[in-house]
Amino acid sequence: MDDLRQKYLGAVTSAADEPALEEVRLAALGKKGEIALNMRELGQMSPEERMTVAPTLNALRDEVASAIAARKAALQDAALDERLRAEWLDVTLPPRPRCQGTVHPVSQVTEEVTLIFAEMGFAVAEGPQVEDDWHNFDALNIAPEHPARQEHDTFYMARQPGDNRPPHVLRTHTSPVQIRAMLGQGAPLRVICPGRVFRADYDQTHSPMFHQVEGLAIDRDITMAQLKWTLEEFLKAFFEVDRVDLRFRASHFPFTEPSAEVDIRCSWDNGTLKLGEGDSWLEILGSGMVHPKVLTAGGIDPAQWQGFAFGMGIDRLAMLKYGIPDLRAFFESDLRWLRHYGFGSLEVPTLAGGLSR
Ligand code: PHE
């Protein structure tokens, strides 16, 4: 009995892994295992003999079984430790070296603007960059003889010979998307329309292709006060300041009545722009109450619905927020410029985490 005990306890201790341990278990306690066979022999013994042998044998079986269980647990612990060691990972390391590409400031600002307006319930609407004359002008109350047509320095598309319809244009503003959204979705409506626009103009603050974002809210009781609140909230969130001071200056756009250009209070100390304080005013957007004719063109009854609209330059917002002096550089694809002003592709703006991290 003692030999058996020595033999199997020794084997259990020296089993190097779980399969080896399982072999020991089968050899000792399995159906044809040595201890099991011994137990079977109990049946042939005399009762007296059995009285002495059986308890020892039972004890031996239990001892070997619990030694196996203990060894098994120890082997599993060791295996887990080994795995943890092998799979060790420093979670404080940056996920990846900074990747080569960066997010362009225009894309970054578009994201930021979209996020802020999404929070206020505005959806994004889009339209074509090659626009027909009606959507770009007529529907927005800009008649053919209207001076705004000249002011916009429009790019006209070539016409097929014999086609007498007005030529298509590269859209001069995002306002035609207002019309498309009204016709497509009806009232009530809350959309912003970011996108590319085109005008034949080129200097430090003008580029023939640039970006605007349009806003449009239509409902039964929209007022100018709501326009003001919306713009104030937007500008505070966008420039990440606690207060902004806005000046609504009477202006004229054919598609809004009344119309206002909006200036933001700022200071220029040593050439650095500070918003919300100072004695200067910076014009940042155009806005107004949607003209009844424009609602009508959009298939919306102006006796039932009113709306406000605004439009601003995304590139200009980016220049102001990120201190970029020359608009033309946005579109020159100079890698040094892109690396300097670009944003990390993993740094997605969020309102909670900060827009411009
Ligand atoms: N479409 C105007 C522009 O390009 C901006 C604007 C949009 C003004 C909406 C008022 C309302 O200058």
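In this predicted model, the side chains of Asp62 and Arg61 meet in a salt bridge, with 3.4 Å from N to O; a salt bridge here is a side-chain nitrogen of Lys or Arg within 4 Å of a carboxyl oxygen of Asp or Glu. Asp62 counts as partly exposed because its relative accessibility is 45%, and Arg61, at 33% relative accessibility, counts as partly exposed too. These words follow fixed cut-offs, in which buried means under 20% relative accessible area, exposed means over 50%, and partly exposed lies in between (1.4 Å probe, protein chains only).

The structure holds 20 salt bridges, and the table sets out three of them by name.

| Salt bridge | N to O distance |
|---|---|
| Asp62 and Arg61 | 3.4 Å |
| Glu82 and Arg85 | 3.1 Å |
| Lys321 and Glu112 | 2.7 Å |

The partners Glu82 and Arg85 are 3 residues apart in helix H4 (residues 47–86), so they are separated by about one helical turn. Helices (H or I, at least four residues) and strands (E, at least two) are DSSP runs, numbered from the N terminus. Glu82 is partly exposed, with a relative accessible area of 43%, whereas Arg85 counts as exposed at 58%.

The salt bridge between Lys321 and Glu112 links distant parts of the chain, since Lys321 lies in helix H11 (residues 314–322) and Glu112 in helix H5 (residues 105–119), 209 residues apart. Both Lys321 and Glu112 are buried. Elsewhere, Arg247, Arg249, Glu261, Asp263 and Glu283 are joined into one network by salt bridges that share partners.

Two members of that network also face each other across paired strands, for Asp263 stands opposite Glu283 in S9. Strands S7 and S9 run antiparallel and are joined by 9 bridges, where two strands pair if DSSP finds at least two bridges between them. Strand S9 (residues 280–290) is largely enclosed by the rest of the structure, because 8 of its 11 residues are buried. Strand S9 is also joined to strand S10 (residues 306–313) by 5 bridges, again in the antiparallel sense, and Ser287 stands opposite Phe310 in S10.

Strand S7 (residues 256–269) pairs with strand S8 (residues 272–275) over 4 bridges, antiparallel, and Trp268 stands opposite Leu273 in S8. The hairpin of S7 and S8 has 2 residues between the strands, and Asn270 takes a positive phi near 45° there.

Residues are numbered from 1 along each chain as its sequence is written, and side-chain values use heavy atoms, with hydrogens and water left out. Because the model is predicted, local features need pLDDT of at least 70 and side-chain atom pairs count only at pLDDT 80 or more, while totals for chains, interfaces and linings use all residues.
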